[in-house]
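User: I would like to go through this protein model one point at a time, with the reasoning given for each answer.

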Amino acid sequence: MVLKIKPPKNVRKWNCSIKIEGARQHNLKNIDVEFPLNVLCVVSGVSGSGKTTLVKHILYPALQKIKGEFADKVGFHKVITGDIETISQIEMIDQNPIGKSSRSNPVTYIKAYDEIRDLFAKQPLSKMRGFLPKHFSFNVDGGRCDTCKGEGEQIVEMQFLADVHLTCEVCGGKRFKEEVLEVTYKSKNVFDVLEMSVDEAINFFYEEKGLVRAIQPLSNVGLGYIKLGQSSATLSGGEAQRVKLASFLGKTKTSGKILFIFDEPTTGLHFHDIEKLLSSFNALIEQGHSIIVIEHNMEIIRSADWIIDLGPEAGDEGGNIIYSGKPEGIKKINESLTGKFLN
């Protein structure tokens, strides 16, 4: 049985857009491209057809510069025009690792750990001992283990070999001082909570509506299986990308409209996770944001509101716009390899 995601019955209409004129970096053939806003716009085409050059090397850095942000070198083009002022910021959601610190984890990244610390600080034993939310943080002194500084392990540097990671002898890998671990909520301490998966935590904290609301986006993007306290360094590129997406889904009251750019977000995803990813895209668009996706996956392309297809081949044979329009129209374009597979 072949699983398929049903395309939306109606594609979204748009009336705002950003236009690049004369794009000619690498193999792009001096093309004019219009990117619609407040819809799901997919840039498709074979590998090497110019998708990344157009979006990541021209559109993204050019918009950053217009907004006064630091940007990489902008690829060759004539001008960018359109409704740029309607966008407050541009976010590239790529597969680069999240968090610089080895203590960084998914709940700290999406700012949900604040809710957990506040909850433990409200417990009767915390009040008796004068514990504040900071005592349940492994990033500052106070409640964290003084020996391993909240890492849960000690690193022994070997001169010519890989570093050796040893479980901290003082806290036994639990990252906090004994008196902090004695504070419990429903018989679980802060270390036990960090060992829970996202879905387990949502069930466990069902009475704490604000906390569940803060963690829920991780489950919505298909990351219900990861541990709350899992080190960001152990996440795959696709998982890191979805944690970034979850951090924006949690911000319901963002000021201004954001243009999100995703580079092949379905890499390594199971079919059901692609469904969740599309739901997340739709949630962001409903909040008034815009999404541009570079993608080969037919389920995403089929679910787009607007397709920009580059080609027809790779390298010198690519770099042209083969099609720009609604998904159903691309099937009639003989030159488009995307259209052939979309049927």
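User: Does Glu299 count as buried or exposed, and what is its relative accessibility?

Analyst: This is a predicted model, and its values should be read in that light. A residue is called buried when its relative accessible area is under 20%. Glu299 falls below that cut-off and therefore counts as buried, with a relative accessibility of 12%.

User: Which residue forms a salt bridge with Glu299, and where do the two lie?

Analyst: Both residues belong to helix 11 (residues 298-302), and because they are 3 residues apart they are separated by about one helical turn. The partner also counts as buried, at 14% relative accessibility. The closest N and O atoms are 3.2 Å apart, and the residue that pairs with Glu299 is Arg302.

User: Which salt bridge links distant parts of the chain, 53 residues apart?

Analyst: Side chains of opposite charge can pair when their charged atoms come close. One partner here sits in helix 4 (residues 124-129), while the other is in the loop between helix 5 (178-181) and helix 6. Arg129 is partly exposed, with a relative accessible area of 36%, and Glu182 is likewise partly exposed, at 39%. With an N to O distance of 2.7 Å, the salt bridge is that of Arg129 and Glu182.

User: In the salt bridge of Asp141 with Arg144, which residue is buried?

Analyst: The closest N and O atoms of Asp141 and Arg144 are 3.0 Å apart. Asp141 has a relative accessible area of 47% and is therefore partly exposed. With a relative accessible area of 8%, the buried residue is Arg144.

User: Which element gives the most to the lining of the second largest pocket?

Analyst: The second largest pocket has a volume of about 350 Å³ and is lined by 20 residues, with Tyr109, Ile110, Ser247, Phe248 and Lys251 nearest its centre. By class, its lining divides into 9 nonpolar, 3 polar and 8 charged residues. Several elements supply at least two residues each, including strand 5 (89-93) and helix 3 (113-121). The element that gives the most, with 4 residues, is helix 9.

User: What is the volume of the largest pocket?

Analyst: The lining of the largest pocket has 4 nonpolar, 9 polar and 6 charged residues, and strand 6 (153-156) and helix 6 (190-194) are the elements that give two or more residues to it. The volume of the largest pocket is about 400 Å³. Of the 19 residues that line this pocket, the closest to its centre are Glu151, Glu153, Arg175, Gly229 and Ser231. The value asked for is thus a volume of about 400 Å³.

Conventions
Residues numbered from 1 in each chain as written. Predicted model: local features only at pLDDT ≥ 70, side-chain atom pairs only at ≥ 80, totals over all residues. Heavy atoms only, no water. 1 Å grid on protein atoms, 1.4 Å probe; cavity = no way out; pocket = protein on both sides within 12 Å on 5 of 7 lines; lining within 4 Å. Points joined across faces, edges and corners; volume = space filled by probe spheres on them. Nonpolar A, V, L, I, M, F, W, Y, C, P; charged D, E, K, R; others polar. Salt bridge = Lys/Arg side-chain N within 4 Å of Asp/Glu carboxyl O. Buried < 20%, exposed > 50% of the residue type's maximum accessible area, 1.4 Å probe, protein only.
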